[in-house]
Amino acid sequence: MTTMPQEKLLKILNHEADECQDQAMHGGLARYAETWIEEAIAHFGPQAQAWVHEVADSLRHYSTLNTTEEREIMIMELLRQVKAGPHASSTAPQSADPPTRTELTNTHSSANTSSESRATSPANHRELDSDVTALQGVGSKYAERLHQLGVATIRDLLYLFPRRYDDYSQLLPINRLELGEEVTIIGQVRAASERSTRSGLNVFKATLDDGSGRVDVTWFNQKYLSGRIKPGDHIVVSGKVCEYLGRLCFNSPEWEHVDDELLHTARIVPVYPLTEGLRARWLRSLMKRTVDYWALRLPDHLPSSIRAEADLVDLEQAIAQIHFPDTMESLNRARHRLAFDELFIMQIGLLQHRDEWRSTPGRPVPINDVVLQDFLSGLPFQLTQAQQRVLNEIVSDLRSDKPMNRLLQGDVGSGKTIVAASAILLTAGAGYQACLMAPTGILAEQHFETLSRLFEQAPIQPTVRLLTSSITGQERDEISTKLERGEISVIVGTHALIQASVAFRDLALVVIDEQHRFGVEQRTALRQKGYNPHTLTMSATPIPRSLALTIWGHLDVSTIDEMPAGRQPILTRVIMPYERERAYGFVRSQVAKGHQAFVICPLIEESDKIEATAAVEEYERLQREIFPSLRIGLLHGKLRNEDKERIMEQFTAGELDILVATAVVEVGIDVPNATVMMIEGAERFGLAQLHQFRGRVGRGSARSYCLLISESSQEQATERLKAVESIDDGFALAQKDLELRGPGEFLGTRQAGLPQLRLAQVTNLPLVEAARGHAQRLFEVDSRLEHPDNRLLARRVIQFWSQWEKVD
């Protein structure tokens, strides 16, 4: 326990730690040294003289330091020194021999378990959700810096995980050092000197001896070391073995005294994310004190039965070992437990949302099986077995009094649209309304034309209309009026559908294409146009199973995993920059055969405006220099909607030979006569996106081609494009794309409404499936988490999800 002189000095040091400018006391900490000696010896007695004077020397040394970084390190040492008390100071003479590895390990272990190592926690044991300023050494300035790392509370600090680790656990004698190794040595300082170079660089050099040999260790611009490392001291040094003038050495390694609690050396050392004003050693020391005290008091929210079934360590051990691991094995077990936590809690939240959705009453749609069979038999093709299976799942949902919430996915060209069209027709045939929302006007126009064409041959002909931002005035008013009266059965549109002025008489089915391109609020706003309507979302990109269980874990997923008969494979080739003229010649030959071609401009991430400008320049260059005799059109995101529609109509009608475009043609464009997809700067696009571009051709009877023109000769870029060249399975490409780019870039935008994961990887399918399975089994017996054993888990689920939007 601290006593009066200690408490007084600790208050001064904590105040000083906020700025580290030696201004906590008038005249600096050195001036307080004499007062400290007088008061401390009067209180503790002469037997504490060694410790008291040691602290006084540190106070005086602090005032000699010139940089904030040096003072930050020293103030943490002072706090440790004062808190340790007089019993921590040893007056026994130092041995001439450095400690053995066993002695070092024992010292380290005892420091870990010492009650004194936890004494710097808040004196009144504040709760985990207290502000970080409750921790000693963290004032308002440091709290502001920690806030920049997302740390506001003690709990946040415990969950600020290292971004990597330096493994300094390999302890070697000096005579076994090898150049380039990351190692730890223990030695006695035989000599120590300080000098300044002509350029003003401060150089501190120490020579260490461990009985097997000697090695020089050098630090730069760390003047405070002259007062901390002295001949006769035993120190631990961890770092990379370097070479100077043919001799092995260390340059600016981590170091600590042997009798310190080893945080920065001789172990697996955590490396935390930093921000301006936070130093690595300061944060690591703060973390150690916080973890030692608070990890013991962190309640484990995971029921013991699940921990046992999943073979997981308890939360206290996981938190302790992820910050300061004893071994790589213990680190891996800690990461496994905490990653499982994230996925398990995410799955519980998704299952709760799914249950909440299903508990809301919906309206069953009476299905006319005769209408469905007549419609399907009138098509010029037969549904594949996969299409039929998925359609049966959707029809079963429509018949239910629980609102459907289903994701329909499949590879490019697998036939998702005809399945969605069948559901729309059945809904309209039952007397209800259906809507289909697409992210772009071009895609909405394509869907409108497709549905209109399909329904011309249907046993019933529902009224289908299009509503986009380009439709205004009297036509828009007429559509709104008829929609509200129920005179329009099917409406296809863009974001225009969610405007307040759009109302339905009886909306029973909502279909959302490319649902990840819409935010949660937009999707919710459309569903609120009806009374708990059935919802079918479609993904243009095949979704790996791990993502289907996480990002869309609250949905029922239907997968079309079979391609229609007669669909020809598209020949794909990677074209290097020097082969571009050959590619142009191939395009000319295809146009000469009466076919058409797409040319996709490189992806420019800065802005749509810059991308549009680049597309215009490429269009003009191709028209002027490469294809002067061909008819070329230009399509990019900055064109007015009516201009986009006009250009697409011209290309579809065969009035243009080549369409130069940006990524706006990624999905939804259906031109059977187009046989060439030439993609400039192909290495800038994701694999799944390239697969989508490729899917725009090969829709007719003629052989089709995809030319991937790379602007980079780097091996990694070429390897990615070779994967597209050799793999035509969209699901396999999607999995590879997910592994290469991660879920955020894979989706093209952050999936709104879902938490960001600190440790878990959604690409880790075995762990995702394990967490899902355990969550489902728990949910079956206690969906509301009301059992006493699950109350901590219920609270943790709320904490985990409270900072994120609700999924839909």
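How many bridges join strand E20 (residues 674–679) to E21? The points below take up this and other features of what is a predicted model.

1. **E20 and E21.** The two strands are joined by 4 bridges. They run parallel. One pairing to look for is Met678, whose bridge partner in E21 is Leu707.

2. **The link through H22.** Helix H22 (residues 687–694) belongs with these strands. E20, H22 and E21 together make a β-α-β unit. The unit is right-handed.

3. **E21 and E16.** E21 also pairs with strand E16 (residues 571–575). The sense is parallel here too, over 5 bridges. Val574 has Leu708 of E21 as its bridge partner.

4. **Burial of E21.** Strand E21 covers residues 705–709, and 5 of the 5 are buried. The strand is therefore largely enclosed by the rest of the structure. In a regular strand, side chains alternate between the two faces of the sheet. In E21, Tyr705, Leu707 and Ile709 point one way. Cys706 and Leu708 point the other way. Residues of both sets are buried.

5. **A sheet of 7 strands.** Elsewhere in the description comes an open sheet with the order E11-E12-E10-E13-E14-E9-E15. Its pairing is parallel. Strand E11 (464–467) and strand E15 (556–560) are the edge strands, each pairing on one side only. Neighbouring strands of this sheet are turned against each other by 20° on average, direction ignored.

6. **The E15 edge and H13.** E15 pairs with strand E9 (residues 405–410) in the parallel sense, over 5 bridges. Gly410 stands opposite Ile560 in E15. Helix H13 (residues 385–399) packs on the sheet. H13 touches E9, strand E13 (507–513), strand E14 (534–539) and E15. The direction of H13 makes about 155° with that of E15.

7. **Gln321: buried or exposed?** Gln321 lies in helix H10 (residues 315–323). Its relative accessibility is 10%, so Gln321 counts as buried, the cut-off being under 20%.

8. **What the Gln321 side chain meets.** A polar atom of this side chain lies 2.8 Å from the backbone nitrogen of Asp326. The Gln321 side chain also makes a polar contact with the side chain of Ser330, at 2.7 Å. Leaving aside neighbours within four places in sequence, Gln321 is in contact with Asp326, Thr327, Ser330, Leu331 and Ala334. Asp326 and Ser330 thus appear both in that list and in the polar pairs above.

Terms used:
Residues are numbered from 1 along each chain as its sequence is written. This is a predicted model: local features need pLDDT of at least 70, side-chain atom pairs count only at pLDDT 80 or more; totals for chains, interfaces and linings use all residues. Side-chain values use heavy atoms; hydrogens and water are left out. Buried means under 20% relative accessible area, exposed over 50%, partly exposed in between (1.4 Å probe, protein chains only). A polar contact is a pair of N or O atoms within 3.5 Å; within protein, one must be able to donate a hydrogen and the other to accept it, and residues adjacent in sequence count only if both atoms are side-chain atoms. Contact means heavy atoms within 4.5 Å. Two strands pair if DSSP finds at least two bridges between them. A crossover is right-handed if, with the strands pointing away from the viewer, the path from the first strand over the helix to the second runs clockwise. Axes are lines fitted to C-alpha atoms, for helices over the stretch in contact, and angles run from 0 to 180 degrees between N-to-C directions.
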